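Good morning, and thank you for coming. Please look at the structure on the screen while I speak about aromatic rings and about one helix.

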Amino acid sequence: MIVTWLHYRIFHLSFASRTMSLCTTAFFVLFQVLAWGFFAHQRINRLAVFILPPDMIGFYKANIDYIREAAVNPDRRRYSMPDEAPRHYIDIDHYGDSALAMPHAWADARLKYSEDTLKAYGIVPWHINRMYHSLREAFLLRDRGRILKISAELGHYVGDAHVPLHTTENYNGQLSGQEGIHGFWESRLPELYSDEFNFLVGKAMYLTDPQEAAWKAVFDSHNAVDSVLREEKKLAEKMGEKKYAFETKGRQTVKVYSAVYSKAYFQLMDGMVERRMRAAIRMTGSLWFTAWIDAGQPDLKSLIQNGPSEEELEERRREIEQWKAQTVKTRPHETDH
């Protein structure tokens, strides 16, 4: 799972069904996170660096602060780019039983469903493959800036594909009376317990088919959706008023899922959060490695330099300003406030 998971979906259900009231939304403002939450996305990217082979790790370690910090840029960009939101999820259940027979190649899927339909219900597995090809090209060109930018953002989309609630129309429990569960699962649980996780995931491995690897991640995530929702609903009925508590966040006192409730739910998940996060780390590093191999294993040592160029700094400033402008309406996220 990925620790930076705000949900960047453009409303493809009615606005009313997608949006909680202002007070309800504020009710679930638990952390400053955006999609596994900023915290998890950044941790995933950082840890992926350490599974790379010797010929790659020097370059990535020299730029590890950027790789970590830029992991959240796709979440920021969803406010300024209308096409950004669908890249973070796919509502597999919208397609019913036919989901198992969905074309895995973008061109074939577009012919079968139309591009508008695909974007309405999310395109994350296809976008991961697209980003892999872009990274391979950046390696071929030895374009330092693009290698770093694409690597960081590819890690974000991989992280999202490993979050169960990024694969369902009931992405925030809004269809089952469980509003807030998205941030609870992907943000609060990782922030509370990820220091206890075992992040020794092994070395990056070569992926013979990045597109199929992306689809496997999505279906593995989707297979966990029922458990994520069912166990939380049963726990809520059992614990009643113990579900919530108040915590101080900066100068505000906010209502959050209580520590005792969070622990009980985390135990019911039986390691799921850790497994999904570990898988995201392994796949992120493996995609970086695969793109580098497929580009002919270019020498990265010559690309190491001290600090970003002025051009790179200017691009980062521009991305932050676009984020602040928030000109695009997307699905509400607890980090939006």
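**Aromatic rings and helix H4**

Phe 184, Tyr 244, Tyr 257, Tyr 261 and Tyr 265 make up one aromatic cluster. This is a predicted model, in which local features need pLDDT of at least 70 and side-chain atom pairs count only at pLDDT 80 or more, while totals for chains, interfaces and linings use all residues. Residues are numbered from 1 along each chain as its sequence is written, and side-chain values use heavy atoms, with hydrogens and water left out.

Rings of Phe, Tyr and Trp (its six-membered ring) pair if their centres lie within 6.5 Å; planes under 30 degrees apart count as stacked, over 60 as edge-to-face and the rest as tilted. Over the whole structure, the search finds 16 aromatic pairs. One of them joins Phe 59 and Tyr 60, edge-to-face, at 5.5 Å centre to centre with 90° between the planes. Tyr 257 and Tyr 261 form a stacked pair, 6.1 Å centre to centre and 20° between the planes.

Are Tyr 257 and Tyr 261 buried or exposed? Both are buried (under 20% relative accessible area; exposed is over 50%, partly exposed in between, with a 1.4 Å probe and protein chains only).

Let us turn to helix H4, residues 54-62 (helices are DSSP runs of H or I, at least four residues, numbered from the N terminus). Its buried residues are Met 56, Phe 59 and Tyr 60. They lie on the same side of H4, because they cover an arc of only 95° around the axis, taken from the directions from the helix axis to the C-beta atoms.

Conventions:
Helix = DSSP H or I, 4+ residues; strand = E, 2+ residues; numbered from the N terminus.
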